[in-house]
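Take a moment with the sequence and the 3D view. Then follow the chain step by step.

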Amino acid sequence: VQFIGAMEVHDGDLTFRTTKHSLLRIHVTDADLRAAGDNAPVIIGANGSYNDLPVRASVTFESFDALRRVPRPVNVDIDAFGARTTVALTGTMTDPLGFDGIKGNLAISAETLKELVSVIGITEFADLALTLSGTLDKQGDRWLWNGLNGFFDGAAVAGSLGLDEGHKGKPDRYDIALNSGPLELQRMGVGGSGTSWRTGFSLHVNENPGETFKISA
C-alpha cells in the first residue's frame with residue numbers, strides 16, 4: 001500500500017443512510033491529512049458541517065501501520081467543536097471507518113443543548129447547559145456511556161446511558177440510570193399533561209413505539 005504523506009479535500013459531501021432510513025449529511029468545506037511516515041500519527045483537520053450544523057474537527061489516529069492491522073484496536077483522539085459545543089473522544093477503535101469497536105473516554109460540554117439535539121433533527125429544545133464525561137463502549141448496535149459525571153442545567157449528574165439500536169422494524173431501546181440534583185421539569189419543556197410543549201415529545205405510552213425507555217436512578 002502506497003504511503004500518503006499529505007492530502008487535501010475541498011467542498012466534499014458524504015451522505016450516510018442509517019438503519020432507520022434517515023440520512024446523515026457531512027459537508028467538508030476544507031480538510032487536510034498529514035503523516036510523517038507509516039509509523040507516525042495520522043493527523044486530520046477539517047471544517048464543514050454535520051447535518052447542516054457547522055463543525056470544526058481534529059482527528060489523530062495512531063499510524064497508517066496500525067490502521068492496516070484492524071481489527072486490532074487503534075488509538076484515536078477526536079475533538080469536535082460547534083459554535084457552543086465541544087466533544088472529545090480519547091480511546092481506541094477496531095473499525096475506524098465504521099466508527100465502531102470504540103472504547104474510551106467521551107466528554108461533552110454544551111452551553112445549550114439546542115445545538116446538540118439539532119444534529120438528530122430536533123429544532124426546538126429547552127435552552128439548557130450540559131457538561132458530561134464518562135467511558136464510552138460501542139460494539140455494533142450497542143452503545144454504553146458509563147461512569148458518567150457532570151452537570152445538567154446546574155444540577156450534578158452521575159450514572160450511565162445505554163442504547164440498543166433497533167433494526168428491521170424493531171424499536172431503539174434506551175437504558176437510562178442517572179442520579180441527579182433537583183431538576184425543574186418546566187425548564188425542560190415538560191408540562192403537567194406529560195407532553196413537552198417545546199418538542200411535542202409525549203411521555204404517554206405508545207402502542208407502536210419507535211423507541212423504548214428504561215429509566216432508573
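What follows is a walk through some backbone details, one threonine and several charged pairs.

Keep in mind that this is a predicted model.

Start with the backbone. Which kind of peptide bond joins valine 70 and proline 71? The bond is cis, and omega is about 15°. Proline 71 sits in a loop. That loop runs between helix H1 (64–67) and strand E5 (74–81).

Two other residues deserve a look for their phi angles. Aspartate 11 has a phi near 50°. That is a positive value, and the residue is not glycine. Find aspartate 11 in strand E1, which spans residues 6–17. Is aspartate 11 buried or exposed? Its relative accessibility is 57%, so aspartate 11 counts as exposed.

Now move to phenylalanine 99. Its phi is also positive, near 50°, in a residue other than glycine. Phenylalanine 99 belongs to the loop between strand E6 (85–93) and strand E7 (102–110). Its relative accessibility is 34%, so phenylalanine 99 counts as partly exposed.

Next comes a threonine. Threonine 112 lies in the loop between E7 and helix H2 (113–118). Its relative accessibility is 4%. Buried means under 20%, so threonine 112 counts as buried. What does the side chain of threonine 112 reach? It reaches the backbone nitrogen of lysine 114, at 3.2 Å. Threonine 112 also touches residues beyond four places away in sequence. These are Arg84, Thr85, Asp127, Leu128 and Ala129.

Now turn to charge. Side chains of opposite charge can pair when their charged atoms come close. How many salt bridges does the structure hold? It holds nine. Three of these pairs are worth tracing.

The first pair to trace is arginine 68 and aspartate 38. Their closest N and O atoms are 3.1 Å apart. Arginine 68 lies in the loop between H1 and E5, while aspartate 38 lies in the loop between strand E2 (23–34) and strand E3 (42–50), so this salt bridge ties together parts that are 30 residues apart in sequence. Proline 71 is found in the loop between H1 and E5 too. How accessible are the two partners? Arginine 68 is partly exposed, at 37% relative accessibility. Aspartate 38 is partly exposed as well, with a relative accessible area of 31%.

Aspartate 100 and lysine 138 form another salt bridge. Here the closest N and O atoms are 3.3 Å apart. Aspartate 100 lies in the loop between E6 and E7, and lysine 138 lies in strand E8 (residues 130–139), so the pair ties together parts that are 38 residues apart in sequence. Are these two partners buried or exposed? Aspartate 100 is buried, and lysine 138 is buried too. Phenylalanine 99, met earlier, is found in the loop between E6 and E7 as well.

The last pair to trace is aspartate 164 and arginine 142. Their side chains meet in a salt bridge, at 3.1 Å from N to O. This pair links distant parts of the chain. Aspartate 164 belongs to strand E10 (residues 155–164), and arginine 142 belongs to strand E9 (residues 142–152). The two are 22 residues apart. Aspartate 164 is partly exposed, with a relative accessible area of 22%. Arginine 142 counts as partly exposed, at 30% relative accessibility. Which residues join into one network here? Salt bridges that share partners join Arg142, Asp164 and Arg173.

Conventions: Residues are numbered from 1 along each chain as its sequence is written. This is a predicted model: local features need pLDDT of at least 70, side-chain atom pairs count only at pLDDT 80 or more; totals for chains, interfaces and linings use all residues. Side-chain values use heavy atoms; hydrogens and water are left out. Helices (H or I, at least four residues) and strands (E, at least two) are DSSP runs, numbered from the N terminus. Buried means under 20% relative accessible area, exposed over 50%, partly exposed in between (1.4 Å probe, protein chains only). A polar contact is a pair of N or O atoms within 3.5 Å; within protein, one must be able to donate a hydrogen and the other to accept it, and residues adjacent in sequence count only if both atoms are side-chain atoms. Contact means heavy atoms within 4.5 Å. A salt bridge is a side-chain nitrogen of Lys or Arg within 4 Å of a carboxyl oxygen of Asp or Glu.
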